[in-house]
Structures are given as C-alpha cells and as structure tokens.
Amino acid sequence: MKFLLLSIALISSFSQAVELAYITNEKDDNISIIDLSQQRVVETIAIGQRPRGIIFNRAQTIAYVCASDSDTIQIIDLSNNQVIGELPSGEDPETIALHPNEKTIYAANEDDAILTVIDIPSRTVIAQIDVGVEPEGLAVSPDGSLVVVTSETTNMVHWIDTATNKNIANTLVGSRPRSAKFSSDGKQLWVSSEIGGTVAVIDVATKKITTKFSFKIRGIHRDRVQPVGVELSNDQRFAFIALGPANHVAVINRHTMAIEKYILVGRRVWQLAFNKAQNQLLTTNGVSGDVSIIDINKMKTIKSIKVGRYPWGIAIREQK
Amino acid sequence: MIGFMNRLITLLTASIIIYCSSAAAIELKLQINYLKFVVPQPPVLSNKIIPPANSGLKGAVLAINDSNITGKFLQQRFKLNYIESVNNQDFLNQLSNQYQLGHRFFILNTPLAQLKIAAQWAQGKNVILINSDEASDQLRHSQCLLPMLHTAPSNAMKSDALAQWLLHRRLNKVLLIHGKKTPDLALVKSFQRAAKRFGIKIIEQKAWDFNTDLRRSAQQEIPLFTQIRKDYDVVYVADSNKDFAEYLPFNTYLPRPVIGSAGLEPLAWHFVIEQWGAAQLQNRFKALAQRVMNESDFNGYLAVRSIAQAVHQTNNGDPNKLLNFIHSDLFELAAYKGRKLSYRAWNGQLRMPIALVQPHALVSQSPQTGVLHPVNELDTLGYDQQESHCR
C-alpha cells in the first residue's frame with residue numbers, strides 16, 4: 001500500500017512540471033523557494049546581504065540576484081541552487097533587468113544615482129549612465145532597443161538607447177516611481193508611483209503619459225494607497241498593481257482601461273509574478289512576511305505562505 | 001483636477017524633451033540662502049551628546065545635491081549659500097544684502113525672535129522664508145508670520161504624537177516633570193493640550209529644581225522625586241536642553257517608562273528610520289557628512305526639497321508662483337515617511353508623521369492607526385484649521 005501511494009506520488013510529480021517561486025527575503029539574507037504544487041516553502045538558500053531584485057535567464061537555468069548591501073549581483077545555478085559567481089554591479093544594486101540578447105544586464109545603483117551596464121560573458125562593467133536620485137524600476141523593451149529606469153526622488157522615467165547607452169529622453173511622473181513594465185507589444189510602458197498614488201501608462205513612441213490611474217479603496221485613506229509592483233498578463237486583458245500598505249492588488253481591465261477589482265492580500269504588498277499558465281499571481285508581502293497566491297480565474301486570494309522577513313523580489317520558473 | 005494634472009504633466013514632459021534635445025536651452029539658476037543664528041548653548045548638568053555644529057546645514061547640502069541631479073535633466077541648477085549671524089543687526093543686514101543681490105529664498109535656522117525679525121523684514125517682498133528648526137506652538141497658533149513655511153514639526157505635533165501613542169497603549173495616567181526654563185514650560189503647555197485632546201490624565205505635575213550633581217546621585221534623588229501618592233503609568237519629562245531628563249529612565253520610583261525629552265522621544269527624524277527608502281537617504285547623508293542624520297538635518301533637507309520640488313514641477317523661479325504651487329493640490333513631497341507630505345494652508349506647517357523613537361529603535365509612528373480625521377489623518381497632529389487663529 002505504501003509503495004503504491006509512493007509510486008502514485010512519483011508518477012503525479014513526473015506527469016506535470018513543477019513550478020518553483022524564488023522569493024528574496026530582504027532582512028534574512030536568503031531566498032525562500034516555494035513549490036507551487038505543494039504551496040509551501042521547500043528550500044531556503046543563503047545568499048548575500050539584503051537581497052532584492054531577482055530574475056532568471058530565458059532558459060531558466062540561472063538566476064541573477066541583487067545582494068544590495070554586498071554590492072554585487074550573485075549568479076545562482078538553478079540545477080543545484082548554488083551561488084556560482086558574481087557580477088560587478090556598482091554600489092547597492094536594487095533591481096536588475098536582462099537584455100533579450102542575454103549578454104547584457106542592467107543594474108540600478110540606488111545610492112549612486114547610476115545605471116550600470118554589465119557584460120555577462122566577460123563579467124565587466126561596460127558603461128555607467130547618470131540617472132536621477134535613487135534609481136529603482138528597470139525594464140528593457142521587448143525588442144531590446146530601449147532600457148528605462150525610474151528614479152524615486154527625481155520622479156522621472158529615464159529612457160536610454162541600448163545601442164549607444166545614452167539617455168535620450170526623460171518623462172516626469174508622480175512622486176516616487178517604483179516599477180516599470182513594457183507591454184508585450186512594446187508600445188506601452190506602465191509605471192507605478194508609490195507616493196503619488198498613481199500608475200501612468202506612457203506611449204513609448206511619444207514618451208508621453210496617455211492614461212493615469214488613481215485608486216480608491218473603501219476604508220483606506222488615499223495616502224496609504226501606494227502602487228509598487230506591476231504585472232501585465234500576456235493575453236493583454238489585465239494589469240495587476242500591488243498597492244503597498246493598502247494591502248490590496250488592483251485589477252485593471254486593459255480593454256476598457258477601468259479598475260475592475262481590488263483583491264485583499266498580505267500586508268504591504270510589494271512585487272508580483274505570474275506562474276507559467278498565468279492562472280496564478282503571487283505577491284510578496286513585506287510586513288506580514290508572506291506570499292499570497294491569487295487565483296486569476298476567481299480573482300481571489302486562495303493561499304498565503306509564510307516566507308522570511310521582508311520578502312521583496314519574486315521570480316517563478318518551471319522545474320525541468 | 002486629475003485632468004488638469006495630466007495636462008500639466010504632459011506639458012512638463014513635452015518641455016523636458018525639448019530641453020533635453022536643445023543644447024541652447026536656458027538654465028534656471030537659483031540660490032537658496034541658509035541662515036543660521038548662532039546661539040550660545042546654556043550649560044547642562046549631564047555630559048550630554050552635543051549636536052554637531054553643522055546640524056541642519058548638512059541636510060540642506062544633501063538636498064541641493066539631490067535636486068541638482070534632477071535639475072540636470074530639467075536645466076535647473078540650485079546653489080546653497082551658508083550664512084552665520086551672531087546678532088540681530090548682522091542678521092538683518094545679511095537678509096538685505098542677499099535680497100539686493102537678487103536672492104529670494106531663505107531657510108532660517110534661528111530662534112523665534114529672529115524668525116519674527118525676518119518676517120517683519122519680508123513684509124511686501126516677494127520671497128520665500130522657511131523655518132527649519134523652531135518648534136514653537138505660538139507660530140502655528142496665534143502669531144503666524146505668514147506666508148512663512150515651517151518644516152520643523154511643532155511642539156503640539158510632537159505632543160499629540162505621544163498622546164496618541166499613550167491612548168493606543170492605554171497608558172492613561174501621567175506624571176509630568178518639567179524644567180523651569182521658558183522652552184520647558186512651552187513643552188508643558190503643549191503636552192497639557194495634547195493630553196486634554198486625547199483623554200490622557202496628568203495626575204501630578206512637578207518642577208525639577210534640584211541642583212545636585214545627578215551623575216553621582218540620580219539613583220538616590222530621582223526615586224524620591226518621582227515618589228507620589230498616586231500610581232502613574234508613565235512619566236513625561238519636559239526638558240528641552242536635556243539638562244536632567246536623561247537621568248529619569250530606570251530611576252523612577254515606580255518602574256515606569258519615560259517619554260518626552262528622554263526615553264521615548266517624538267522626532268521628525270532619527271538615524272534608526274529605514275523604511276520607505278529612508279535607508280537610501282541615511283546612506284547618502286552618511287557619505288556626505290561622515291555622521292548620522294538628525295532631526296535638524298532632515299528639516300533642512302525638506303526645506304530645500306520643498307523649493308526644488310516646486311521648481312521642478314513648474315520650471316519657474318518666482319517665489320510667489322512657487323508658493324502658490326506649494327499650497328496647491330498638485331504639490332506632493334515624498335519624504336521617506338511612507339506618505340506624501342504637504343503644507344497646511346492656514347499656518348504654513350508641513351504635515352508629517354512623527355516617529356516615536358527610543359535611542360536605538362523606532363517604536364512607533366503617529367498618527368496611530370484608528371485615529372481618524374475627516375480630511376487628512378496627519379492633521380490630527382498639531383493645530384488643525386479650526387483651532388488655529390492663523391488665516
């Protein structure tokens with residue numbers, strides 16, 4: 001009987017690919033790995049100090065993690081979850097973005113008002129570009145021609161030509177811009193402003209704001225509604241906005257450009273990530289130290305999972 | 001309003017792009033004067049930590065650096081001019097000289113008397129004055145010196161912050177101990193007002209007038225002094241110079257927490273604050289000043305940032321226009337406190353959450369959850385529109 005159960009368990013685990021969510025815990029200097037099929041933390045990896053931004057390469061074999069207080073980007077081999085190397089990042093890297101060529105990585109150096117451009121094969125810094133105070137959100141356009149960085153205290157989106165590494169334009173947005181996200185067609189850039197309490201949709205061609213959302217949640221003062229993480233679904237239907245200390249995620253219908261719903265999650269919701277099928281959205285909740293799983297079909301939180309202290313960044317991959 | 005804001009932002013964005021692409025764009029240059037009136041510090045009993053001589057100024061310098069990074073993208077440049085005065089005549093001359101030279105922005109790190117002199121001098125002049133250090137309630141309540149702005153939180157705001165916390169913790173009975181100097185008595189008045197507002201009982205009030213050396217005898221003197229017939233939950237101490245306050249914690253007759261000028265202090269800023277991006281500000285400050293950031297530095301930082309923020313958004317250097325913008329709904333100052341800050345129209349006070357700090361940790365931040373206000377919770381701290389005689 002035991003054997004039978006075990007083999008059933010084995011078969012079921014082989015029959016469908018397991019998805020793993022990697023969550024950086026800012027105040028624990030480690031990464032919690034959640035197995036989405038079991039909905040629990042299955043492993044914890046020790047890493048550099050104050051880990052924040054985390055991304056994978058396209059093949060999902062390698063993770064890059066900003067260890068902000070160690071002033072480095074750490075490279076993790078995802079086959080065994082070991083740190084296998086480091087990239088020179090400049091001081092205090094907070095977020096990173098990978099160019100589609102997978103050879104260039106961009107890091108926002110929050111303390112130095114600089115965007116660092118790093119060549120991965122040679123592990124060297126190619127360029128450092130002056131941007132505004134406290135650069136934060138980073139995004140590379142789908143075609144790889146542009147990289148944008150938001151600066152929290154300068155309140156701008158800086159547009160940089162990836163061919164020349166030159167700042168070509170700047171767009172003023174609401175106070176304390178955090179995340180930037182290109183739509184999959186590369187025509188729109190979505191930018192959240194934490195203190196301004198708004199999300200701006202910018203037309204990439206003209207670099208002008210075309211739509212601006214502000215959020216109203218019953219019983220929560222508007223000053224506590226502080227947009228941070230942004231995710232856009234691939235089917236172009238929805239935008240999800242993490243609203244920080246308002247403890248909700250806003251759902252925006254992208255066809256009607258109207259806010260449809262607010263979903264209650266953990267405390268001070270920060271960053272967001274989809275699973276592969278995009279039927280689940282995970283949120284990192286800084287103050288409650290957990291991750292909420294939102295079921296996209298039900299538009300409801302179905303589970304919260306305790307992770308480390310101050311979970312910050314999140315990335316999800318399929319286990320091969 | 002949002003439509004207008006969108007238009008404004010679109011307009012600004014357009015102008016920025018034009019500016020960036022044309023090398024011949026005219027740069028907007030602006031000098032901000034930081035005036036410090038040097039007051040000799042009275043002697044104190046305790047071997048206290050002396051605040052650095054450049055307190056306040058370094059915060060303003062950092063804000064200039066930050067604003068110039070933004071200014072670079074907007075063709076705006078800010079410069080700080082530091083001026084020290086030791087007497088009233090010199091102070092007035094400095095103001096006039098700078099005005100003659102065409103400078104219109106003044107941050108004042110001075111006592112109340114000099115603020116009044118400056119306000120008098122500024123009558124009918126198109127200038128912006130910002131009080132960065134004086135906490136007097138008088139300025140926010142009756143003698144308003146408008147259109148002066150205040151980045152320093154008032155005594156009333158700090159007392160309210162403490163009283164809200166007491167209410168939240170259900171520490172309702174307070175033993176109040178105070179020094180005998182004028183600023184100590186001002187603190188007492190402000191705490192009495194806050195206690196009344198939030199239903200906190202001051203069960204006894206005692207003036208500290210001992211002249212023994214507490215470094216040797218605090219363990220003997222303080223328990224006797226704090227032994228009263230009634231039970232108390234907490235000791236509030238008003239001692240603006242920290243003459244004796246630091247000796248109260250752990251020496252009170254009943255083992256009770258000490259708040260106010262020692263123990264749990266209400267402050268605009270402290271080096272333990274790290275949330276909402278504060279860690280970055282603290283790091284930048286340390287790199288610049290080679291020391292930690294204190295409250296005065298933070299107030300100086302906010303004073304420069306307020307002017308610069310208005311200049312960034314309006315691309316204008318006219319004080320009147322900037323002041324109008326600062327008082328409009330469009331003005332929002334991100335100040336590492338987890339919410340946007342703005343100025344109260346009735347008395348020019350910058351609204352802000354107040355940190356409640358023990359020497360090595362942030363204990364709480366007021367307004368406390370559950371304290372409600374019809375317009376803005378931050379207005380539960382300090383003189384609200386109805387109470388203030390400023391108009």
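**Entry 1: across the chains**

I began with Arg284(B), which forms a salt bridge with Glu134(A); their closest N and O atoms are 2.6 Å apart. This pair crosses between chains: Arg284(B) sits in helix α9 (residues 278–289) of chain B, while Glu134(A) belongs to the loop between β11 (124–130) and β12 (135–140) of chain A. I then looked up burial, and both Arg284(B) and Glu134(A) are buried. A reminder to myself: I am reading a predicted model here.

**Entry 2: loop to loop in chain A**

Next I turned to Arg176(A), which forms a salt bridge with Glu194(A), with 2.9 Å between the closest N and O atoms. Where do Arg176(A) and Glu194(A) lie in the chain? I found Arg176(A) in the loop between β15 (166–172) and β16 (177–182) of chain A, and Glu194(A) in the loop between β17 (188–193) and β18 (198–203) of chain A. The two are 18 residues apart, and the pair links distant parts of the chain.

Is Arg176(A) buried or exposed? Its relative accessible area is 5%, so I noted Arg176(A) as buried. Glu194(A) also has a relative accessible area of 5%, and therefore I put Glu194(A) down as buried.

I followed the shared partners from there. Salt bridges join Glu134(A), Glu136(A), Glu152(A), Arg176(A), Arg178(A), Glu194(A), Asp66(B) and Arg284(B) into one network. Happily, that brings my opening pair, Arg284(B) and Glu134(A), back into the story.

**Entry 3: strand to strand**

How many salt bridges does a search of the whole structure find? I wrote down 35 over all chains. Another one I looked up is between Arg52(A) and Glu94(A), where the closest N and O atoms are 3.3 Å apart. Arg52(A) lies in strand β4 (residues 51–56) of chain A and Glu94(A) in strand β8 (residues 93–98) of chain A, so this salt bridge ties together parts that are 42 residues apart in sequence. Both Arg52(A) and Glu94(A) are buried.

**Entry 4: a glutamine in β6**

I finished with Gln74(A), found in strand β6 (residues 72–77) of chain A. Why does Gln74(A) count as buried? Its relative accessibility is 8%, and the cut-off for buried is under 20%.

Which backbone nitrogen lies 2.8 Å from a polar atom of the side chain of Gln74(A)? I traced it to Gly48(A). Leaving aside residues up to four places away in sequence, I listed what Gln74(A) touches: Ile47(A), Gly48(A), Ala63(A), Tyr64(A), Val65(A), Ala67(A), Val83(A), Gly85(A) and Glu86(A). Gly48(A) thus turns up in my list of contacts as well as in the 2.8 Å entry.

Note on methods: Residues are numbered from 1 along each chain as its sequence is written. Chains are lettered from A and ligands numbered from 1 in the order in which they are written. This is a predicted model: local features need pLDDT of at least 70, side-chain atom pairs count only at pLDDT 80 or more; totals for chains, interfaces and linings use all residues. Side-chain values use heavy atoms; hydrogens and water are left out. Helices (H or I, at least four residues) and strands (E, at least two) are DSSP runs, numbered from the N terminus. Buried means under 20% relative accessible area, exposed over 50%, partly exposed in between (1.4 Å probe, protein chains only). A polar contact is a pair of N or O atoms within 3.5 Å; within protein, one must be able to donate a hydrogen and the other to accept it, and residues adjacent in sequence count only if both atoms are side-chain atoms. Contact means heavy atoms within 4.5 Å. A salt bridge is a side-chain nitrogen of Lys or Arg within 4 Å of a carboxyl oxygen of Asp or Glu.
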